[in-house]
Amino acid sequence: MFSAVQGKNIILGISGGIAAYKTPQLVRLLKKAGANVRVALTASGSRFVSELSLATVSGEAVCRETFPPADVPGTDFTRHISLGEWADALVIAPATANTLARLAVGLCDDMLSACFITLRPGKPVLIFPAMDGQMYRSASVRRNVATLVAGGCTVIEPESGDLASGQCGTGRMPDPEVIADRIRSSLQEIRRDSPLSGRQVVITAGPTREKIDDVRFVSNYSSGKMGFALACAARERGAEVRLITGPVHLATPEGVERFDVESACEMHDAAKPFFATCAVFIAAAAVADYRPEMPASGKLKKTEPEMRLLLVRNPDIVAEFGAQKQPGQLAVGFALETSEGLASAHGKLDEKHLDLVAFNTYDRKTSGFDVDTNTMTLIDRNHRETLLPTMLKTEAARLLIGHIEQLMDPDR
Ligand code: C5P
(Lines give C-alpha, C1' and ligand atoms only; values in the text may rest on other atoms or scores of the structure.)
Protein backbone atom coordinates (compact mmCIF):
# COMPACT_ATOMS: atom_id res chain seq x y z
CA MET A 1 0.00 0.00 0.00
CA PHE A 2 1.13 3.58 -0.68
CA SER A 3 2.98 4.89 2.35
CA ALA A 4 3.46 8.59 2.90
CA VAL A 5 6.82 8.01 4.60
CA GLN A 6 8.32 5.90 1.80
CA GLY A 7 11.57 7.57 0.66
CA LYS A 8 11.12 10.53 3.06
CA ASN A 9 14.02 11.92 5.09
CA ILE A 10 13.13 12.08 8.76
CA ILE A 11 15.20 13.44 11.63
CA LEU A 12 14.31 11.95 14.98
CA GLY A 13 15.37 14.24 17.83
CA ILE A 14 15.61 12.42 21.15
CA SER A 15 15.98 14.25 24.45
CA GLY A 16 16.56 12.96 27.95
CA GLY A 17 13.41 11.33 29.27
CA ILE A 18 12.72 7.76 30.25
CA ALA A 19 10.42 7.41 27.21
CA ALA A 20 13.61 7.52 25.09
CA TYR A 21 13.83 3.77 25.61
CA LYS A 22 10.96 3.40 23.10
CA THR A 23 12.79 5.21 20.29
CA PRO A 24 14.80 2.37 18.68
CA GLN A 25 11.44 0.68 18.01
CA LEU A 26 10.16 3.91 16.42
CA VAL A 27 13.24 4.07 14.17
CA ARG A 28 12.63 0.46 13.12
CA LEU A 29 8.99 1.17 12.22
CA LEU A 30 9.96 4.20 10.14
CA LYS A 31 12.76 2.31 8.39
CA LYS A 32 10.39 -0.58 7.68
CA ALA A 33 7.97 1.88 6.06
CA GLY A 34 10.80 2.99 3.75
CA ALA A 35 11.94 6.23 5.43
CA ASN A 36 15.55 7.42 5.73
CA VAL A 37 16.08 8.18 9.40
CA ARG A 38 18.85 10.19 11.07
CA VAL A 39 18.92 10.52 14.83
CA ALA A 40 19.87 13.71 16.69
CA LEU A 41 20.44 12.73 20.30
CA THR A 42 20.90 15.22 23.14
CA ALA A 43 23.51 14.63 25.84
CA SER A 44 20.83 13.71 28.38
CA GLY A 45 19.03 11.57 25.81
CA SER A 46 22.16 9.43 25.59
CA ARG A 47 21.77 8.62 29.31
CA PHE A 48 18.47 6.83 28.55
CA VAL A 49 19.07 5.13 25.20
CA SER A 50 22.29 3.90 23.68
CA GLU A 51 23.84 5.60 20.69
CA LEU A 52 24.92 2.18 19.45
CA SER A 53 21.32 0.84 19.42
CA LEU A 54 20.11 3.89 17.50
CA ALA A 55 22.99 3.77 15.02
CA THR A 56 22.36 0.06 14.43
CA VAL A 57 18.61 0.37 13.77
CA SER A 58 18.90 3.55 11.69
CA GLY A 59 21.98 2.37 9.78
CA GLU A 60 23.49 5.85 10.23
CA ALA A 61 25.85 7.49 12.71
CA VAL A 62 23.97 9.28 15.48
CA CYS A 63 24.46 13.07 15.56
CA ARG A 64 25.08 14.74 18.89
CA GLU A 65 27.55 17.62 18.88
CA THR A 66 27.41 20.52 16.47
CA PHE A 67 31.22 20.50 16.47
CA PRO A 68 32.38 17.29 14.78
CA PRO A 69 35.85 15.86 15.45
CA ALA A 70 38.35 17.81 13.30
CA ASP A 71 40.70 14.87 12.76
CA VAL A 72 38.34 12.30 11.16
CA PRO A 73 38.66 12.20 7.36
CA GLY A 74 35.44 12.86 5.43
CA THR A 75 33.75 14.72 8.30
CA ASP A 76 30.98 17.10 7.20
CA PHE A 77 31.84 20.33 9.03
CA THR A 78 28.57 22.02 8.07
CA ARG A 79 26.24 19.20 9.07
CA HIS A 80 24.53 21.46 11.62
CA ILE A 81 23.04 23.13 8.55
CA SER A 82 22.97 20.32 5.99
CA LEU A 83 21.04 17.88 8.16
CA GLY A 84 18.16 20.32 8.69
CA GLU A 85 18.10 21.07 4.96
CA TRP A 86 18.03 17.34 4.14
CA ALA A 87 14.95 16.61 6.22
CA ASP A 88 11.33 16.30 5.06
CA ALA A 89 10.19 16.22 8.69
CA LEU A 90 11.59 16.69 12.18
CA VAL A 91 10.14 14.59 14.96
CA ILE A 92 11.11 15.23 18.57
CA ALA A 93 10.22 12.32 20.82
CA PRO A 94 10.46 12.45 23.73
CA ALA A 95 10.65 16.23 24.15
CA THR A 96 11.56 17.11 27.73
CA ALA A 97 10.68 20.37 29.50
CA ASN A 98 14.30 21.44 29.01
CA THR A 99 14.26 20.75 25.25
CA LEU A 100 10.92 22.53 24.82
CA ALA A 101 12.40 25.58 26.54
CA ARG A 102 15.57 25.51 24.44
CA LEU A 103 13.62 25.25 21.20
CA ALA A 104 11.16 27.94 22.26
CA VAL A 105 13.94 30.49 22.84
CA GLY A 106 15.98 29.41 19.83
CA LEU A 107 19.10 27.98 21.45
CA CYS A 108 21.32 26.20 18.97
CA ASP A 109 24.00 24.38 20.93
CA ASP A 110 23.54 20.76 19.88
CA MET A 111 22.42 18.90 16.76
CA LEU A 112 18.79 18.58 17.82
CA SER A 113 18.34 22.33 18.30
CA ALA A 114 20.41 23.10 15.18
CA CYS A 115 18.19 20.84 13.05
CA PHE A 116 15.12 22.62 14.44
CA ILE A 117 16.48 25.99 13.39
CA THR A 118 17.77 24.96 9.96
CA LEU A 119 14.74 22.92 8.87
CA ARG A 120 13.33 24.30 5.62
CA PRO A 121 10.13 26.38 6.00
CA GLY A 122 6.89 24.44 5.63
CA LYS A 123 8.41 21.09 6.65
CA PRO A 124 6.45 19.51 9.50
CA VAL A 125 7.83 19.55 13.05
CA LEU A 126 6.10 17.07 15.34
CA ILE A 127 6.85 17.40 19.02
CA PHE A 128 5.90 14.69 21.52
CA PRO A 129 6.40 16.09 25.04
CA ALA A 130 6.85 13.43 27.73
CA MET A 131 7.50 14.18 31.38
CA ASP A 132 6.00 14.07 34.84
CA GLY A 133 2.39 15.35 34.88
CA GLN A 134 3.15 18.16 37.34
CA MET A 135 6.00 19.38 35.12
CA TYR A 136 3.79 19.23 32.03
CA ARG A 137 1.15 21.40 33.69
CA SER A 138 3.68 23.99 34.89
CA ALA A 139 3.33 27.58 33.65
CA SER A 140 6.73 27.55 31.92
CA VAL A 141 6.04 24.36 29.94
CA ARG A 142 2.59 25.68 28.93
CA ARG A 143 4.22 28.92 27.77
CA ASN A 144 6.92 27.16 25.76
CA VAL A 145 4.41 24.79 24.16
CA ALA A 146 2.27 27.80 23.18
CA THR A 147 5.32 29.51 21.63
CA LEU A 148 6.20 26.41 19.61
CA VAL A 149 2.62 25.95 18.41
CA ALA A 150 2.47 29.63 17.40
CA GLY A 151 5.69 29.03 15.46
CA GLY A 152 3.99 26.33 13.37
CA CYS A 153 5.02 23.17 15.26
CA THR A 154 2.54 20.40 15.91
CA VAL A 155 2.71 19.53 19.60
CA ILE A 156 1.01 16.26 20.43
CA GLU A 157 -0.55 16.07 23.90
CA PRO A 158 1.05 13.32 25.94
CA GLU A 159 -1.15 10.43 27.00
CA SER A 160 -2.53 9.79 30.47
CA GLY A 161 -1.56 6.74 32.46
CA ASP A 162 1.12 5.42 34.80
CA LEU A 163 4.22 7.62 34.82
CA ALA A 164 7.80 6.80 35.73
CA SER A 165 7.35 8.93 38.87
CA GLY A 166 4.95 6.25 40.13
CA GLN A 167 2.06 8.65 39.77
CA CYS A 168 -0.79 8.47 37.34
CA GLY A 169 -1.40 11.48 35.12
CA THR A 170 -0.81 13.15 31.78
CA GLY A 171 2.76 13.00 30.52
CA ARG A 172 3.31 9.66 28.82
CA MET A 173 4.78 9.47 25.34
CA PRO A 174 2.48 7.59 22.94
CA ASP A 175 3.63 4.17 21.73
CA PRO A 176 5.96 4.05 18.69
CA GLU A 177 3.13 2.72 16.45
CA VAL A 178 0.99 5.75 17.30
CA ILE A 179 3.90 8.17 16.72
CA ALA A 180 4.76 6.52 13.39
CA ASP A 181 1.16 6.90 12.35
CA ARG A 182 1.11 10.60 13.25
CA ILE A 183 4.24 11.09 11.17
CA ARG A 184 2.62 9.28 8.26
CA SER A 185 -0.51 11.43 8.34
CA SER A 186 1.47 14.68 8.59
CA LEU A 187 3.50 13.68 5.52
CA GLN A 188 0.44 12.59 3.59
CA GLU A 189 -0.49 15.02 0.92
CA ILE A 190 -4.16 15.77 0.53
CA ARG A 191 -5.40 13.80 -2.49
CA ARG A 192 -7.19 16.02 -4.98
CA ASP A 193 -8.20 13.09 -7.21
CA SER A 194 -10.55 11.56 -4.62
CA PRO A 195 -14.32 11.67 -5.14
CA LEU A 196 -14.37 13.06 -1.60
CA SER A 197 -12.23 16.04 -2.56
CA GLY A 198 -14.12 19.25 -1.81
CA ARG A 199 -17.22 17.29 -0.67
CA GLN A 200 -18.84 17.70 2.74
CA VAL A 201 -18.43 14.83 5.17
CA VAL A 202 -20.18 14.91 8.56
CA ILE A 203 -18.91 12.56 11.25
CA THR A 204 -20.36 11.93 14.71
CA ALA A 205 -17.92 10.66 17.33
CA GLY A 206 -17.49 9.80 20.99
CA PRO A 207 -20.07 9.04 23.67
CA THR A 208 -23.08 11.08 24.68
CA ARG A 209 -23.99 12.05 28.23
CA GLU A 210 -27.60 11.91 29.31
CA LYS A 211 -28.30 13.94 32.42
CA ILE A 212 -29.86 12.39 35.52
CA ASP A 213 -29.51 15.63 37.45
CA ASP A 214 -27.16 18.61 37.31
CA VAL A 215 -24.13 16.59 38.48
CA ARG A 216 -24.76 13.03 37.21
CA PHE A 217 -25.27 11.38 33.84
CA VAL A 218 -25.67 8.07 31.97
CA SER A 219 -22.93 7.43 29.40
CA ASN A 220 -20.63 4.75 27.90
CA TYR A 221 -16.90 4.04 27.46
CA SER A 222 -16.50 5.40 23.92
CA SER A 223 -13.22 7.32 23.51
CA GLY A 224 -14.00 8.91 20.15
CA LYS A 225 -10.77 7.53 18.64
CA MET A 226 -12.45 5.86 15.66
CA GLY A 227 -14.50 8.93 14.73
CA PHE A 228 -11.46 11.20 15.03
CA ALA A 229 -9.37 8.80 12.92
CA LEU A 230 -12.11 8.89 10.27
CA ALA A 231 -12.08 12.69 10.34
CA CYS A 232 -8.29 12.66 9.68
CA ALA A 233 -8.64 10.07 6.91
CA ALA A 234 -11.47 11.95 5.17
CA ARG A 235 -9.47 15.19 5.44
CA GLU A 236 -6.45 13.47 3.90
CA ARG A 237 -8.67 12.72 0.89
CA GLY A 238 -9.57 16.40 0.53
CA ALA A 239 -13.04 16.35 2.12
CA GLU A 240 -14.51 19.29 4.05
CA VAL A 241 -14.98 17.56 7.37
CA ARG A 242 -17.37 18.50 10.18
CA LEU A 243 -16.85 16.48 13.32
CA ILE A 244 -19.66 16.48 15.87
CA THR A 245 -18.33 14.98 19.05
CA GLY A 246 -19.47 14.07 22.52
CA PRO A 247 -17.08 14.66 25.45
CA VAL A 248 -13.66 13.16 24.58
CA HIS A 249 -10.01 13.90 25.39
CA LEU A 250 -8.74 14.17 21.83
CA ALA A 251 -7.14 16.99 19.88
CA THR A 252 -9.04 18.34 16.87
CA PRO A 253 -7.54 16.94 13.65
CA GLU A 254 -5.94 19.57 11.43
CA GLY A 255 -8.29 21.28 8.99
CA VAL A 256 -11.42 19.77 10.56
CA GLU A 257 -14.34 21.83 11.88
CA ARG A 258 -15.36 20.55 15.32
CA PHE A 259 -18.65 20.87 17.18
CA ASP A 260 -18.70 19.82 20.84
CA VAL A 261 -21.95 18.46 22.23
CA GLU A 262 -23.01 16.49 25.32
CA SER A 263 -26.32 14.70 24.85
CA ALA A 264 -27.85 12.71 21.99
CA CYS A 265 -30.42 15.48 21.48
CA GLU A 266 -27.64 18.08 21.17
CA MET A 267 -25.77 15.81 18.73
CA HIS A 268 -28.96 15.43 16.70
CA ASP A 269 -29.52 19.22 16.66
CA ALA A 270 -25.90 19.84 15.60
CA ALA A 271 -26.02 17.25 12.80
CA LYS A 272 -29.45 18.03 11.33
CA PRO A 273 -28.55 21.30 9.56
CA PHE A 274 -25.96 19.35 7.48
CA PHE A 275 -28.31 16.54 6.39
CA ALA A 276 -29.29 18.30 3.17
CA THR A 277 -25.80 19.31 2.03
CA CYS A 278 -23.39 16.58 3.09
CA ALA A 279 -22.18 14.00 0.61
CA VAL A 280 -21.44 11.45 3.32
CA PHE A 281 -22.74 11.09 6.87
CA ILE A 282 -20.64 8.79 9.05
CA ALA A 283 -22.16 7.90 12.41
CA ALA A 284 -19.25 6.71 14.53
CA ALA A 285 -20.64 8.06 17.81
CA ALA A 286 -21.81 5.73 20.55
CA VAL A 287 -25.08 7.57 20.99
CA ALA A 288 -27.07 6.66 24.10
CA ASP A 289 -30.27 4.96 22.98
CA TYR A 290 -32.18 6.29 25.99
CA ARG A 291 -32.13 9.36 28.25
CA PRO A 292 -33.69 10.01 31.65
CA GLU A 293 -37.15 11.38 30.97
CA MET A 294 -36.95 14.23 33.46
CA PRO A 295 -33.44 15.24 34.55
CA ALA A 296 -33.70 16.76 38.03
CA SER A 297 -32.42 20.24 38.60
CA GLY A 298 -29.74 20.52 41.29
CA LYS A 299 -28.44 17.31 42.92
CA LEU A 300 -30.82 14.46 43.75
CA LYS A 301 -30.76 13.57 47.45
CA LYS A 302 -30.42 9.99 48.67
CA THR A 303 -33.55 9.91 50.81
CA GLU A 304 -35.22 6.71 49.50
CA PRO A 305 -33.83 3.13 49.76
CA GLU A 306 -34.19 2.72 45.99
CA MET A 307 -34.67 4.96 43.00
CA ARG A 308 -36.26 4.25 39.65
CA LEU A 309 -35.16 6.11 36.59
CA LEU A 310 -37.56 6.30 33.67
CA LEU A 311 -35.66 6.36 30.37
CA VAL A 312 -37.11 7.49 27.05
CA ARG A 313 -35.79 6.85 23.53
CA ASN A 314 -33.35 9.26 21.94
CA PRO A 315 -33.63 10.26 18.28
CA ASP A 316 -31.70 7.85 16.03
CA ILE A 317 -29.53 10.32 14.15
CA VAL A 318 -28.17 8.12 11.37
CA ALA A 319 -31.56 6.44 10.80
CA GLU A 320 -33.14 9.86 10.37
CA PHE A 321 -30.46 10.84 7.85
CA GLY A 322 -30.80 7.44 6.11
CA ALA A 323 -34.57 7.91 5.73
CA GLN A 324 -34.29 11.32 4.09
CA LYS A 325 -31.04 11.08 2.11
CA GLN A 326 -31.21 11.88 -1.57
CA PRO A 327 -29.62 9.93 -4.44
CA GLY A 328 -25.87 10.49 -4.30
CA GLN A 329 -25.75 10.93 -0.51
CA LEU A 330 -24.21 8.12 1.54
CA ALA A 331 -25.02 7.00 5.09
CA VAL A 332 -22.43 5.01 7.01
CA GLY A 333 -23.07 3.48 10.42
CA PHE A 334 -21.31 1.37 13.00
CA ALA A 335 -22.62 -1.70 14.76
CA LEU A 336 -20.92 -2.70 17.98
CA GLU A 337 -22.34 -5.91 19.34
CA THR A 338 -21.39 -8.33 22.06
CA SER A 339 -23.46 -11.23 20.68
CA GLU A 340 -24.95 -12.37 17.34
CA GLY A 341 -23.36 -9.30 15.88
CA LEU A 342 -23.00 -9.94 12.20
CA ALA A 343 -26.67 -10.79 11.55
CA SER A 344 -27.79 -7.74 13.47
CA ALA A 345 -25.31 -5.55 11.54
CA HIS A 346 -26.86 -6.78 8.25
CA GLY A 347 -30.27 -5.92 9.72
CA LYS A 348 -29.15 -2.39 10.61
CA LEU A 349 -28.07 -1.78 7.01
CA ASP A 350 -31.68 -2.18 5.82
CA GLU A 351 -33.51 -0.76 8.83
CA LYS A 352 -31.52 2.48 8.85
CA HIS A 353 -31.15 2.73 5.03
CA LEU A 354 -27.36 2.68 5.25
CA ASP A 355 -24.89 2.29 2.40
CA LEU A 356 -22.16 0.81 4.57
CA VAL A 357 -21.99 -0.66 8.06
CA ALA A 358 -18.80 -1.22 10.00
CA PHE A 359 -19.43 -4.14 12.30
CA ASN A 360 -17.18 -3.88 15.30
CA THR A 361 -16.48 -6.91 17.40
CA TYR A 362 -16.23 -6.03 21.05
CA ASP A 363 -13.27 -7.33 22.97
CA ARG A 364 -11.86 -5.09 25.67
CA LYS A 365 -8.21 -5.43 24.61
CA THR A 366 -8.07 -5.17 20.82
CA SER A 367 -11.41 -3.96 19.56
CA GLY A 368 -14.20 -1.69 20.70
CA PHE A 369 -14.09 1.27 23.05
CA ASP A 370 -10.99 3.15 24.20
CA VAL A 371 -8.33 1.00 22.50
CA ASP A 372 -6.09 2.02 19.60
CA THR A 373 -6.90 -1.01 17.47
CA ASN A 374 -10.07 -2.35 15.93
CA THR A 375 -11.31 -5.50 14.20
CA MET A 376 -14.10 -4.73 11.77
CA THR A 377 -16.21 -6.30 9.08
CA LEU A 378 -17.45 -3.83 6.48
CA ILE A 379 -20.83 -4.66 4.98
CA ASP A 380 -21.85 -2.71 1.90
CA ARG A 381 -25.37 -1.98 0.66
CA ASN A 382 -25.38 -5.22 -1.36
CA HIS A 383 -24.61 -7.10 1.88
CA ARG A 384 -21.10 -7.92 0.65
CA GLU A 385 -18.73 -8.46 3.59
CA THR A 386 -15.07 -7.42 3.82
CA LEU A 387 -13.20 -8.56 6.90
CA LEU A 388 -10.50 -6.18 8.14
CA PRO A 389 -8.02 -7.87 10.49
CA THR A 390 -7.08 -6.24 13.80
CA MET A 391 -5.22 -3.02 13.00
CA LEU A 392 -4.74 0.53 14.28
CA LYS A 393 -7.94 2.56 14.16
CA THR A 394 -6.11 5.13 12.04
CA GLU A 395 -5.32 2.46 9.45
CA ALA A 396 -8.83 0.96 9.61
CA ALA A 397 -10.23 4.47 9.12
CA ARG A 398 -8.24 4.90 5.90
CA LEU A 399 -9.55 1.59 4.56
CA LEU A 400 -13.11 2.52 5.48
CA ILE A 401 -12.76 5.87 3.72
CA GLY A 402 -11.36 3.94 0.72
CA HIS A 403 -14.53 1.82 0.70
CA ILE A 404 -16.65 4.97 0.75
CA GLU A 405 -14.69 6.32 -2.23
CA GLN A 406 -15.37 3.06 -4.03
CA LEU A 407 -19.11 3.36 -3.35
CA MET A 408 -19.08 6.97 -4.58
CA ASP A 409 -17.17 6.08 -7.73
CA PRO A 410 -17.32 2.34 -8.53
CA ASP A 411 -14.98 2.78 -11.55
CA ARG A 412 -12.05 3.79 -9.36
O1 C5P B 1 -28.87 0.72 16.65
P2 C5P B 1 -27.47 0.95 17.11
O3 C5P B 1 -27.37 1.93 18.23
O4 C5P B 1 -26.69 -0.29 17.36
O5 C5P B 1 -26.78 1.61 15.81
C6 C5P B 1 -25.49 2.08 15.83
C7 C5P B 1 -25.30 3.09 14.75
O8 C5P B 1 -26.33 4.06 14.77
C9 C5P B 1 -24.02 3.87 14.94
O10 C5P B 1 -23.57 4.23 13.67
C11 C5P B 1 -24.49 5.08 15.75
O12 C5P B 1 -23.61 6.17 15.59
C13 C5P B 1 -25.83 5.34 15.15
N14 C5P B 1 -26.81 5.90 16.09
C15 C5P B 1 -27.28 7.19 15.93
N16 C5P B 1 -28.21 7.70 16.80
C17 C5P B 1 -28.67 6.96 17.82
C18 C5P B 1 -28.20 5.64 18.02
C19 C5P B 1 -27.25 5.15 17.14
O20 C5P B 1 -26.86 7.88 14.99
N21 C5P B 1 -29.55 7.47 18.66
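**A first walk through the two domains**

Visitor: How many residues of domain 1 are in contact with residues of domain 2?
Guide: In this predicted model, the chain splits into domain 1 (3-187) and domain 2 (200-408). On the other side of the contact, domain 2 brings 7 residues. From domain 1, the number in contact is 6.

Visitor: And what area is buried between domain 1 and domain 2?
Guide: The centres of the two domains, taken over C-alpha atoms, are 35 Å apart. Of the area buried between them, carbon and sulfur atoms give 44%. The buried area itself is about 480 Å².

Visitor: Is aspartate 110 buried or exposed?
Guide: You'll find aspartate 110 in the loop between α5 (97-105) and α6 (111-118). Buried means under 20% relative accessible area. Aspartate 110 has 10% relative accessibility, so it counts as buried.

Visitor: Which side chain makes a polar contact with the side chain of aspartate 110?
Guide: Leaving aside neighbours within four places in sequence, aspartate 110 is in contact with Thr42, Arg64, Thr66 and Arg102. The polar contact between side chains, at 3.2 Å, is with arginine 102.

Visitor: Which strands stand at the edges of the open sheet of 8 strands?
Guide: The order runs β12-β11-β8-β13-β16-β17-β18-β19, with mixed pairing. A strand at the edge has a single partner, so one side of it is left without a neighbour in the sheet. That describes β12 (257-260) and β19 (385-392).

Visitor: Which residue in β11 stands opposite glutamine 200?
Guide: Strands β8 (residues 200-205) and β11 (residues 240-245) run parallel, joined by 6 bridges. Opposite glutamine 200, in β11, stands glutamate 240.

Methods:
Residues are numbered from 1 along each chain as its sequence is written. This is a predicted model: local features need pLDDT of at least 70, side-chain atom pairs count only at pLDDT 80 or more; totals for chains, interfaces and linings use all residues. Side-chain values use heavy atoms; hydrogens and water are left out. Helices (H or I, at least four residues) and strands (E, at least two) are DSSP runs, numbered from the N terminus. Buried means under 20% relative accessible area, exposed over 50%, partly exposed in between (1.4 Å probe, protein chains only). A polar contact is a pair of N or O atoms within 3.5 Å; within protein, one must be able to donate a hydrogen and the other to accept it, and residues adjacent in sequence count only if both atoms are side-chain atoms. Contact means heavy atoms within 4.5 Å. Two strands pair if DSSP finds at least two bridges between them. Domain bounds come from an automatic or database domain assignment. Buried area is the accessible area (1.4 Å probe) that two parts lose on being put together, summed over both.
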